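Here's a quick briefing to help you find your way around this protein chain. Keep the 3D view open while you read, and look up each spot as it comes up.

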Amino acid sequence: MCGVIPASVPVGSFPGPGGAIRILLGLRLQASSQPEESAIYRSLISLSIVLTLLTVVLSAYIRLAEVGIGCEPWPDCYARLDPAAEQRGITVLSEQGREMAHYGARVAHRYIASVLGLFILGIFISALRQGHKRSASVWVPLGIFAITVFLSLLGYYTPTRSNPLITMGNLLGGMVLLALLWWLLQREVEARTGAGVPARLRLPVTAALVLVLVQITLGGWSSANYASGNCPGLVSCQGDLLAAGNVGDAFNPQRTITLDATGKVVAEDALGLMSMAHRLTALLTAAYLAWLVRRLRPQPQLRATLVFLSVCSIGQILLGLATVLSGIPLWLLTLHNALAAGLLLACVNLLHRATPAAAAPPPR
């Protein structure tokens, strides 16, 4: 992520925890100056980005490990669920929770998410206090706060892995939260200096962001429906992928997961279509991003972001090939999720650079 950090962030401008606590509690102290409060605000956002990225990666690891990614013998051990035994996430901190698989990752996820919630509350309070002095619309911190509340309720009241929509809500909610925090930080740090690239490039950059979001959604939908084992080869999947019924079922947001008598997910033909759609869209996304990098190459201020975008895009393709050829190891698929977050951050950075501040005229 270092390749897409705004260059104008002053070193040493982030205060210590004492200042962050003042903002978090919303106290108006006589000695607190406006520059100090703005620095505290940026500190909270920066820390929240790091914690959100950790939460996204840990959540992906736990979700993938729970359903048998990387288990032996593959794929017979994959996608075995017991909905009756699923427990609310809060039990991970109880005595009973100590017996749950991947206990360390679960505890780390719980504590990081809790601290993140406090920081985001502080961001929301600070944004309201700044009034019209904010560089970004109040809707951005409001959206960040609303998504955090949504994810907290979703994780507590609906912990099941047998409902694809719940899994998608967690995955997409985390990714959108990360993107909004990254956008907010950049607008706070760089918005007053104007846009970094010509405004005419905003449309192709927006298209790249949309493509990456579609790709993340397809990957999440494929994973939420346990489709990983239905396409053992690079271009070969089980069943008739293009049958009319399969197409309708594969992308039906209200589809349900069918389990056999042993609790294993039934390998329906529609699952193969999900997996193949994800792979083909990945190639389309990589091709478009390669074109975009070439298009933006004359912009020297974007060099670091374009390098980071290229590394993430190429890495995603190589990891996708490696996961299929090596039997889908858990660590590779977790890294695949982390690189998807990197692609999202790079595209958000490009959109920020192509979006001028309200008071700054766009470059021609």
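Let's start with a term: a patch here is built from residues with over 30% relative accessible area and no salt bridge, and nonpolar side chains are joined into one when they lie within 5 Å. Bear in mind that you're looking at a predicted model. With that in hand, you can spot a nonpolar surface patch of about 620 Å², made by Leu234, Val235, Ile314, Leu318, Leu321 and Leu325.

**The big picture**

- The chain has ten helices and zero strands, so to read it along the sequence you just follow α-α-α-α-α-α-α-α-α-α.
- How much of the chain is buried? Buried residues make up 51% of the 364 residues.

**Two helices to trace**

- Helix H3 runs over residues 103-130, which makes 28 residues. From its first C-alpha to its last it reaches 41 Å, close to the 40 Å expected at 1.5 Å a residue.
- Right after H3 comes glycine 131, and its phi is positive, near 60°.
- H10 has 24 residues, which should span 34 Å at 1.5 Å a residue; the end C-alpha atoms are 35 Å apart, and that agrees.
- H10 is also mostly covered, with 21 of its 24 residues buried.

**Around helix H9**

- Leucine 325, one of the patch residues, sits in helix H9 (residues 303-325).
- Is leucine 325 buried or exposed? Its relative accessibility is 65%, so it counts as exposed, because the cut-off for exposed is over 50%.
- Threonine 323 is in helix H9 too, but at 7% relative accessibility it counts as buried.
- The side chain of threonine 323 reaches the backbone oxygen of glycine 320, at 2.8 Å.
- Here's a handy rule while you look at helices: an α-helix has 3.6 residues a turn, so residues three or four places apart point the same way.

**Just past helix H10**

- Threonine 355 is found in the segment after helix H10 (330-353).
- With a relative accessible area of 17%, threonine 355 is buried, because buried means under 20%.
- A polar atom of the threonine 355 side chain lies 2.7 Å from the backbone oxygen of leucine 351.

**Aromatic pairs**

- How many aromatic pairs turn up in a search of the whole structure? There are three.
- One of them joins tyrosine 78 and tyrosine 226: this pair is edge-to-face, with 6.4 Å centre to centre and 65° between the planes.
- Tyrosine 78 lies in the loop between helix H2 (34-66) and H3, while tyrosine 226 lies in the loop between helix H6 (202-224) and helix H7 (244-250), so the pair ties together parts that are 148 residues apart in sequence.
- Both tyrosine 78 and tyrosine 226 are buried.
- Phenylalanine 124 and phenylalanine 145 make a stacked pair, with 4.7 Å centre to centre and 5° between the planes.
- This phenylalanine pair links distant parts of the chain: phenylalanine 124 is in helix H3 and phenylalanine 145 is in helix H4 (residues 139-157), 21 residues apart.
- Phenylalanine 124 counts as buried at 16% relative accessibility, whereas phenylalanine 145, at 26%, counts as partly exposed.

Key:
Residues numbered from 1 in each chain as written. Predicted model: local features only at pLDDT ≥ 70, side-chain atom pairs only at ≥ 80, totals over all residues. Heavy atoms only, no water. Helix = DSSP H or I, 4+ residues; strand = E, 2+ residues; numbered from the N terminus. Expected span 1.5 Å × (residues − 1). Buried < 20%, exposed > 50% of the residue type's maximum accessible area, 1.4 Å probe, protein only. Polar contact = N/O pair within 3.5 Å; in protein donor to acceptor, adjacent residues only side chain to side chain. Patch = residues over 30% accessible without salt bridge, like charges linked within 9 Å, V, L, I, M, F, W, Y side chains within 5 Å. Areas by Shrake-Rupley, 256 points an atom, 1.4 Å probe, with all protein chains shown as cover. Salt bridge = Lys/Arg side-chain N within 4 Å of Asp/Glu carboxyl O. Phe/Tyr/Trp six-rings, centres within 6.5 Å; stacked < 30°, edge-to-face > 60°.
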